[in-house]
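How do helices pack against one another in a folded chain? Two packed helices are described by the angle between their axes and the distance between the axes.

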Amino acid sequence: MIKKNNPIKQFLKIIIKICFIILFQFSTTSESSLPKPPPIPVLPIPKSRQISWNIAEMAIFLHFGMNTFTGKEWGKGDVDPLIFNPTLLNATQWVTVAKDFGFKRVLLTAKHHDGFCLWPSKYTDYSVKSSSWRNGYGDVVGELADAARKSGLELGLYLSPWDRHEHCYGETLEYNEYYMGQMTELLTSNHFRSPRCQKTLLSRYGEVTYVFLDGAKGEGEKYMEYFFDDWFSLIHQLQPGASIFSDAGPDTRWVGNENGVAGTTCWSLFNGSAVTIGGDNDRIYTSEGDAFGQDWMPAVCDVSIRTGWFWHESEKPKSAMTLLDLYYKSVGRNCPLLLNVPPNSSGLISDEDIQVLEEFSKLRNSIFSHNFAESALVSASSTRGDSSDSQFAPKNVIEEGLYTYWTPDQEQQSDWTLYLEFQQAITFNVLGLQEPIQMGQRISEFHLDMLDENGKWQHVVSGTTVGYRRLLLFPTVKSHLLRLVIDKSRACPLISHIGIYMDSYSVTQHVSDTHNKSKFIDNFVFRRTAYNQSRSASI
């Protein structure tokens with residue numbers, strides 16, 4: 001017997017199939033329309049305080065103390081404190097100079113190796129309270145903290161572990177207690193009684209964002225074991241947002257020289273266990289970092305604007321062009337620049353130093369205020385996620401900041417390229433790159449090409465690491481089409497910013513370390529503002 005098909009059942013089957021297809025398409029469409037999340041960060045990654053340190057880029061180091069009056073670099077702690085009398089001292093002037101010329105942080109030698117304290121420490125009489133300055137009631141740290149807070153600058157403090165005055169130096173337990181007592185004074189509050197008002201004053205230094213420690217100590221000095229781990233724990237307990245500097249971190253490391261120059265390859269990755277504070281460490285390792293390092297510990301480039309670290313009347317500052325060269329070799333190599341500008345014996349930053357800093361600021365602004373890349377049409381070999389999703393789009397690289405960036409397709413492992421096309425040819429000689437370091441440092445090799453007049457790609461410049469910022473200076477070229485190629489990366493590369501600039505001042509020949517009138521001065525009219533006491537006091 002032949003079984004007939006039921007037309008109603010057939011119709012229902014068709015309806016069910018259609019509904020299933022519609023539901024499936026709706027489901028897949030909904031899933032594909034959802035934005036793709038960011039890629040996994042590549043460890044190690046920085047803490048928020050380390051990111052803040054990198055963003056600041058430049059800080060002024062203020063070496064000031066008894067050595068300013070004796071002409072020494074390393075005092076022995078045997079000089080009468082009455083000699084300390086900076087009659088015109090004005091911390092507002094120091095801070096104003098720093099802020100006006102692009103520095104985001106000031107760092108003071110609260111105590112240098114001679115043991116003399118620039119605040120009225122209750123643990124020693126070898127301090128400003130025994131000096132003739134302010135009749136013994138002054139507080140350099142307090143005045144600088146107030147000035148920095150009012151101007152919006154960050155405050156850092158240097159407290160020398162080596163103390164040539166303190167009698168208990170060399171007694172391990174006793175001196176570590178002494179040192180931690182002084183550190184606690186600086187990072188919390190300092191109580192002292194003033195006979196002027198016969199009441200307890202509370203002088204709070206507020207937030208301290210950087211604490212600088214080193215292992216400097218002369219040969220033949222007393223043996224001393226420092227409880228660094230205890231110190232670090234105390235600092236982070238009292239000031240959780242403070243980055244700590246030493247040869248071995250934990251937050252920032254020494255670059256290995258006092259010339260202000262980082263390695264042409266410079267990783268923020270490092271193994272703190274591979275170095276010792278004050279030890280005979282591998283200078284190449286400290287300068288270049290470690291692509292396989294387990295710690296995030298960016299290097300710091302420290303250098304003085306003068307030959308010495310303290311002010312000496314016979315010394316002259318470096319030229320603005322020399323500072324620009326150092327900027328390329330520090331900030332431009334993924335290292336913040338810590339530039340020492342020592343106040344003089346009157347308590348002010350010298351006019352000749354201010355003039356150089358002003359020229360240096362003008363040079364940077366002239367070069368980096370105009371980014372040709374902002375007018376380019378930016379495209380890429382691939383992009384993470386849907387093409388309509390702008391979260392990881394190539395155009396993000398012309399926006400300032402770490403938190404917008406281009407991300408290539410993770411499936412694409414062989415071609416990581418950005419293209420910049422201009423309506424007309426541009427002339428340039430500086431390439432600037434940034435990685436979103438909160439996602440880890442990734443790039444290990446890259447190069448830039450340009451299209452020549454014959455339609456052929458020509459090599460312009462190559463580099464290794466990028467990190468927070470990389471600047472490469474090269475002979476001037478001209479083109480309307482550029483391509484940035486990432487050759488090697490620890491993981492899928494990310495680019496947060498690209499800059500194409502023209503530096504009309506730098507030359508390939510050696511830059512002199514003396515302050516001479518530069519070509520730059522002839523091209524600009526400078527403000528000849530005298531940052532003297534009367535001017536600063538009115539700010």
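The paragraphs below follow one helix and then two helix pairs.

This is a predicted model, in which local features need pLDDT of at least 70 and side-chain atom pairs count only at pLDDT 80 or more, while totals for chains, interfaces and linings use all residues. Residues are numbered from 1 along each chain as its sequence is written, and side-chain values use heavy atoms, with hydrogens and water left out.

Helix α10 covers residues 351-368, and because 18 residues at 1.5 Å a residue should span 26 Å, the 26 Å between its end C-alpha atoms agrees; the expected span is 1.5 Å times one less than the number of residues. Buried residues of α10 (under 20% relative accessible area, 1.4 Å probe, protein chains only) include V356, L357, F360, L363, R364 and I367.

Helix α9, residues 320-329, packs on α10 at an angle of about 50°, with the axes 8 Å apart. That angle makes α9 oblique to α10, oblique being the term for angles that are not under 35 degrees, over 145 or from 65 to 115. In their contact (heavy atoms within 4.5 Å), α9 contributes A320, M321, L323, L324, Y327 and Y328, and among the α10 partners are V356, F360, L363 and I367. The residues of this contact divide into twelve nonpolar, no polar and two charged.

The second pair is α4 (residues 91-100) and α5 (residues 140-151), whose axes come within 8 Å and cross at roughly 40°. This makes α4 oblique to α5. A91, T92, W94, V95 and K99 of α4 meet V140, E143, L144, A147, A148 and S151 of α5, and these residues divide into seven nonpolar, two polar and two charged.

Conventions:
Helices (H or I, at least four residues) and strands (E, at least two) are DSSP runs, numbered from the N terminus. Buried means under 20% relative accessible area, exposed over 50%, partly exposed in between (1.4 Å probe, protein chains only). Axes are lines fitted to C-alpha atoms, for helices over the stretch in contact, and angles run from 0 to 180 degrees between N-to-C directions. Ala, Val, Leu, Ile, Met, Phe, Trp, Tyr, Cys and Pro count as nonpolar, Asp, Glu, Lys and Arg as charged, and the others, Gly among them, as polar.
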